[in-house]
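Me: I'm new to reading protein models and would like to learn how such descriptions are justified. Could you go through this one with me?

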Amino acid sequence: MSKARAYTNIALIKYWGKSDPLWNLPTTGSIGLTLDQLYTETSAKINDDLKQDYFMLNGQKTQNLKVMKVMNFLRDLTGDRHFVEIFSENHVPTAAGLASSASGFAALAMAASQAFGLSLDRKELSTIARLGSGSASRSVFGGFSIWHAGHDHDSSFAESILDPLNFDIRVIDILADKSTKKISSSQGMQLAQSAPNYAAWCSNSQKQIDDMLAAIANSDLEKIGLIAEKNALAMHELNRTAIQAFDYFTQNTRDIIAATKKLYNSGTLAFATIDAGPNVKVITNSENQSTVIETLKNYGEILVQKAGPGVTNV
Ligand code: 2P0
């Protein structure tokens, strides 16, 4: 049996659109930071008696098309037609709504490929994780990573940018809304691709990737935060201007973004980023985190995360 653990990651430059939904090829590259609190542990073992894959998620037997896609890919790759039993547990300390497919598919990529006897490097693992969920390609790596858009399965991989677990960055989740999202990421990005500014967002995103790489290389947290905030707000503006317009933001989301801006304008390093839901994550560092928490704790439950490790066997 092979068992792996992977952590969630937050996108500093977002993945928000696919050029090929079947292979999960994105329209743009993206940059993520793997975090250290929320993780998935997954074990996988070939079982000769099975007539199909057996997938248990948090103790419940589950049918999951994305898991099947990954397993079918591994069978085609190896020529081994066996089915596999997979046990997966999400370790989410505080609230629902945080469970992520990113940690799940990064852990599955490692555990399931090993169950088939493969010993893949991280780059190859990232392509297999991507088949399940795009953002999972980045959770294969610790610290900062980049997922290159690519043009086919092999060229759409992630790689490490910088994996110093001592980089002084904190990501503060303000968990205001614990309900599950109404529009999934896959659906949301498909709708967003009809926005009139979508092509402009993509080309701008490429420039922001270059600026973000420079900011990371210079350990410039202020630049990292400013670019990430701009990229996230533009992603959500696409949603509001799509042909079938929608919005993940609630009044609380807007209030927290405004409070974060106010903090920054008064000299605190604090920058907002928001994924496919209403909850805001604030990027800051160890020196500024107590000011951020003191100001934002009234809006929801607080979870503080640092940079975390890449996928490993456990
Ligand atoms: C990201 N998100 O870059 C972006 C920003 C959410 C907002 O990737 O369709 O679960 O399974 O490939 O990876 C979440 O979407 O989407 C996501 P699929 P995924 O982190």
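Me: Which residue follows H2, and what is the sign of its phi?

Reply: Happy to help! Keep in mind that this is a predicted model. Gly-117 comes after H2, and its phi is positive, near 85 degrees.

Me: How do you know that the length of H2 fits a helix at 1.5 Å a residue?

Reply: Compare two numbers. H2 covers residues 101-115, which is 15 residues, and the expected span is 21 Å. From its first C-alpha to its last, H2 reaches 20 Å, close to that expectation.

Me: What makes H2 largely enclosed by the rest of the structure?

Reply: A residue is buried if 20 or more other C-beta atoms lie within 10 Å of its own. In H2, 15 of the 15 residues are buried, so the helix is largely enclosed. For the chain, buried residues make up 46% of the 314 residues.

Me: How do you know that the radius of gyration agrees with a compact globule?

Reply: Set the value against the rule. A compact globule with 314 residues would have a radius of gyration near 20 Å; the chain has 19 Å, so the two agree.

Me: Why is the ligand said to lie between domain 1 and domain 2?

Reply: Look at who supplies the shell. Domain 1 (2-164) and domain 2 (170-305) both give residues to the shell around the ligand, so the ligand lies between them. Of the 14 residues around the ligand, those that come nearest are Ala-11, Tyr-15, Gly-134, Ser-135 and Ser-185.

Me: How many residues of that shell are nonpolar, polar and charged?

Reply: The shell has four nonpolar, eight polar and two charged residues.

Notes: Residues numbered from 1 in each chain as written. Predicted model: local features only at pLDDT ≥ 70, side-chain atom pairs only at ≥ 80, totals over all residues. Rg over C-alpha atoms; globule rule 2.2 N^0.38 Å. Buried ≥ 20, exposed ≤ 12 C-beta atoms within 10 Å, placed from the backbone. Near = placed C-beta within 6 Å. Nonpolar A, V, L, I, M, F, W, Y, C, P; charged D, E, K, R; others polar. Domains from an automatic or database assignment. Helix = DSSP H or I, 4+ residues; strand = E, 2+ residues; numbered from the N terminus. Expected span 1.5 Å × (residues − 1).
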